[in-house]
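Work through the exercises below with the sequence and the model side by side, and try each task before reading its solution.

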Amino acid sequence: MDAVSAVRDRLLEAAPRTKSIRDSLVEREDPSNALRKTLTATDLVFLGIGLIIGAGLFVLTGVAAKHHAGPGIIFSFILSGLVCVLSAFCYAEFASRVPVAGSAYTYSYVTYGELAAWMIGWDLTLEYSLGASAVARGWSGYLNLILTQIDVHPPDFLFSIGVEIFGHKVFDIDFLAALVVLFFAVLLMFGIKTG
């Protein structure tokens, strides 16, 4: 039990520990922590356009509205727009108080401590994973639609593998969407630009 007590004590000691704004600024200026700036203004414009017309949210939101929500979807959009405005105000407040890059992770580390920053970091990882999955699923649907329109019929297992438990279909696995996610993960591991 001594090992468990030691781990508990270390966690309780580290949880409220925060990083000062001065330390964050010094760390930002350290050249060993700097990321190379490789994206140009044109790259950022195309990245923004790609995010705006990305597949996932627009495709899946429309399908959900058509089949499940009906006219009540308008109230959902109004409510989500209000939440986005409030979130923007929060980020503006954070950015004015902690003038370093780093999203919610850095802000929570400076204000609430390591435990909160750790939870926020894993929350952001989950958020980006789910977002990437939705976009990949949309791309897979687009590809299936394009191939069907040019009279090419790929095998069904590329777009939907049904998983059954006790004879009931529980969910589908989109193999092509998984390949899209895997391709971009490998691309990001090696870097989009080298040099």
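**Exercise 1.** Find the glycine just after α6 and state the sign of its phi.

Solution. Begin at helix α6, which covers residues 103–111; helices here are DSSP runs of H or I with at least four residues, strands are runs of E with at least two, and both are numbered from the N terminus. Just after α6 comes Gly 113, whose phi is positive, at about 120 degrees. The model is predicted, so that local features need pLDDT of at least 70 and side-chain atom pairs count only at pLDDT 80 or more, while totals for chains, interfaces and linings use all residues. Residues are numbered from 1 along each chain as its sequence is written, and side-chain values use heavy atoms, with hydrogens and water left out.

**Exercise 2.** Decide whether Asp 151 and Phe 166 are buried or exposed, and describe the phi of each.

Solution. First recall that most residues other than glycine have a negative phi. Asp 151, in the loop between α7 (114–149) and β1 (161–165), nevertheless has a positive phi of about 65 degrees. Asp 151 counts as exposed because its relative accessibility is 60%, where exposed means over 50% relative accessible area, buried under 20% and partly exposed in between, with a 1.4 Å probe and protein chains only. Next, Phe 166 lies in the loop between β1 and β2 (168–173), and its phi is positive too, near 55 degrees. Phe 166 reaches 80% relative accessibility and therefore counts as exposed.

**Exercise 3.** Explain why Trp 122 counts as exposed, and find how far its C-alpha atom lies from that of Tyr 105.

Solution. Locate Trp 122 in helix α7; it counts as exposed because its relative accessibility is 54%. Then go to Tyr 105, 17 residues away along the chain, where the C-alpha separation from Trp 122 is 9.4 Å.
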